[in-house]
Amino acid sequence: MTITPVGIHDLSFATTHYALDHAVLAERLGVDPDKFYLGIGQENMSVAAADEDIVTIAAAAAKPILDRHGVDNIRTVLLATESGVDQSKAAGLYLHPLIGLPNTARVVELKQACYGGTAGLQFAAGLIARDPSQRVLVIATDIAKYELGTPGEPTQGAAAVAMLVSANPAILQLDSQSGIYSADIMDFWRPNYRTAAMVDGKTSVNAYQKATQEAWTDYRRNGGRELTEFAAFCYHQPFTKMAFKAHRHLLESQGHTADAAEIDAAIRNTTIYNRTVGNSYTASLYLGLASLLDHTGDLTGKPLAFISYGSGSVAEFFSGTVQPGYRTHLRTDANRDAIATRIALDYDRYRVLHEAESPSDGMYHAIPEETGRPFRLAAISGHKRIYESR
């Protein structure tokens with residue numbers, strides 16, 4: 001039986017209008033900035049303006065893909081988020097008037113903490129294996145938010161990554177093998193009545209490491225590659241130090257020597273964007289892939305490992321091979337520009353944005369124009385969100 005090669009044909013990233021330097025947060029909290037720079041491996045975090053949300057950054061991430069490839073044969077749009085704007089309507093449907101999604105595509109929103117984007121990627125691969133003429137737009141978009149003064153506050157952030165998944169992909173061909181581990185764990189959750197997530201940090205770190213090891217075991221049981229075959233390892237990064245920690249744990253669990261220089265070489269380039277964007281939940285793993293491709297020499301023909309973890313919890317270990325000519329399809333300049341053009345935020349404005357609440361009275365509320373990005377939330381009226389493009 002001939003297996004259709006399926007994978008990531010294009011990848012585009014967007015983030016918010018603002019960024020908060022961790023030195024600003026450290027000064028306000030009265031702690032050494034190195035607690036964040038070195039302790040958790042974070043330098044800045046993206047912060048949404050009042051007129052930004054997961055829809056506006058998703059649109060900004062997806063539009064360049066549609067501009068380059070058009071909408072022909074896009075039959076499915078899978079939007080993954082754990083910071084959705086509606087309990088019923090899929091956030092992807094708001095994208096139709098903003099970026100011109102085809103009406104002949106099914107649109108579904110996926111949720112399983114930070115794992116949702118990987119679920120979308122694997123579901124897309126299955127749909128394309130059934131009909132290789134189809135293409136699937138997968139969008140992972142999230143704004144990570146924790147309560148002020150909590151240990152989670154320095155690990156906030158925001159980003160969206162859009163991926164066009166197709167047969168004969170130009171950037172990354174997925175291997176057919178993957179390893180999965182799921183378990184009922186209360187390490188991170190957000191009840192419907194809360195706007196900020198709750199997290200048990202120690203439990204979550206331990207659960208992440210155990211799930212990585214178990215998913216790896218399942219990957220190998222299903223015929224996956226050896227650990228030594230991979231050129232790099234892309235981990236989910238709630239904070240970048242977690243990727244190094246998880247990789248050390250995986251190596252040691254398999255009897256490998258956890259040499260610090262080798263771990264750094266395997267992980268470092270996947271963390272460059274996440275260090276300055278912060279936690280983007282379900283987009284984090286794929287922001288790591290973009291960072292790796294943008295900051296590493298030629299990876300043609302080299303296998304990469306991916307470790308996706310979503311609290312609660314689901315983990316998946318999967319792999320893929322970088323395709324010949326991939327560099328001509330990257331968006332390195334645009335990715336760096338998205339980060340470099342953010343506006344530095346002072347603590348007082350950050351606090352106002354953090355504590356702002358959405359109106360719930362059903363009246364018309366215009367949202368003051370604030371973001372410099374291409375899409376914005378213009379108003380909320382009659383409990384309906386009204387978006388506009390520039």
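A nonpolar core is a set of buried Ala, Val, Leu, Ile, Met, Phe, Trp, Tyr and Cys residues joined through side-chain atoms within 4.5 Å. With that in mind, and remembering that the model on screen is predicted, begin the tour inside the protein.

**The cores**

Select Phe 13, Val 161, Leu 172, Leu 289, Leu 304 and Phe 306, which, of the 44 residues in the largest nonpolar core, touch the most other members. Then add helix α10, residues 284-295, from which the largest share of this core, 7 residues, is drawn. A second, separate core has 41 residues, and Ala 26, Phe 233, Tyr 235 and Tyr 350 are among them.

Returning to Phe 306, show the residues around its side chain and backbone: apart from neighbours within four places in sequence, Phe 306 is in contact with Leu 172, Cys 234, Leu 285, Leu 289, Glu 316, Phe 317, Phe 318, Ser 319 and Gly 320.

**The sheet**

Switch to a cartoon view and follow the open sheet of 9 strands, whose order is β5-β4-β6-β7-β1-β8-β13-β12-β11 and whose pairing is mixed. At the edges stand β5 (106-110) and β11 (232-235), each of which has a single partner strand, so one side of each has no neighbour in the sheet. From one strand to the next, the twist averages 25 degrees.

Next select β1 (residues 6-14) together with β7 (residues 157-167), which pair in the antiparallel sense over 8 bridges; within this pair, Leu 11 stands opposite Met 163 in β7. Helix α6 (residues 201-221) packs on the sheet, where it touches β8 (172-182), β11, β12 (303-310) and β13 (314-322), and the direction of α6 makes about 120 degrees with that of β8.

Now move to β11, which pairs with β12 in the parallel sense over 4 bridges, with Ala 232 standing opposite Leu 304 in β12. Both faces of β11 are covered, since Ala 232 and Cys 234 on one side, and Phe 233 and Tyr 235 on the other, are all buried.

**The annotated domain**

Colour residues 6-168, the span that UniProt, in an unreviewed entry, lists for "domain: Hydroxymethylglutaryl-coenzyme A synthase N-terminal". The end C-alpha atoms of this span lie 6 Å apart, and the span is 29% helix and 31% strand.

**A buried loop residue**

Select Leu 299, found in the loop between α10 and β12; at 4% relative accessibility, Leu 299 counts as buried because the cut-off is under 20%. Leaving aside neighbours within four places in sequence, Leu 299 is in contact with Ala 231, Leu 292, Leu 293, Val 322 and Tyr 326.

**The annotated active site**

Finally, select Glu 82, Cys 114 and His 236, where the unreviewed UniProt entry places the feature "active site". Of these residues, Cys 114 and His 236 are included in the lining of the second largest pocket.

Cys 114 sits in the loop between β5 and α5 (116-130) and is buried, with a relative accessible area of 10%. Beyond its neighbours within four places in sequence, Cys 114 is in contact with Glu 82, His 236, Tyr 281, Thr 282, Ser 308, Tyr 309 and Gly 310.

His 236 lies in the loop between β11 and α7 (240-253) and is likewise buried, with a relative accessible area of 3%. Its contacts, with neighbours within four places in sequence left aside, are Cys 114, Tyr 208, Asn 279, Tyr 281, Ser 284, Leu 285, Ile 307 and Tyr 309.

Key: Residues numbered from 1 in each chain as written. Predicted model: local features only at pLDDT ≥ 70, side-chain atom pairs only at ≥ 80, totals over all residues. Heavy atoms only, no water. Buried < 20%, exposed > 50% of the residue type's maximum accessible area, 1.4 Å probe, protein only. Helix = DSSP H or I, 4+ residues; strand = E, 2+ residues; numbered from the N terminus. Contact = heavy atoms within 4.5 Å. Pairing = 2+ DSSP bridges. Axes fitted to C-alpha atoms, helices over the stretch in contact; angles between N-to-C directions. UniProt positions renumbered as here; feature names shortened; annotations may be inferred. 1 Å grid on protein atoms, 1.4 Å probe; cavity = no way out; pocket = protein on both sides within 12 Å on 5 of 7 lines; lining within 4 Å.
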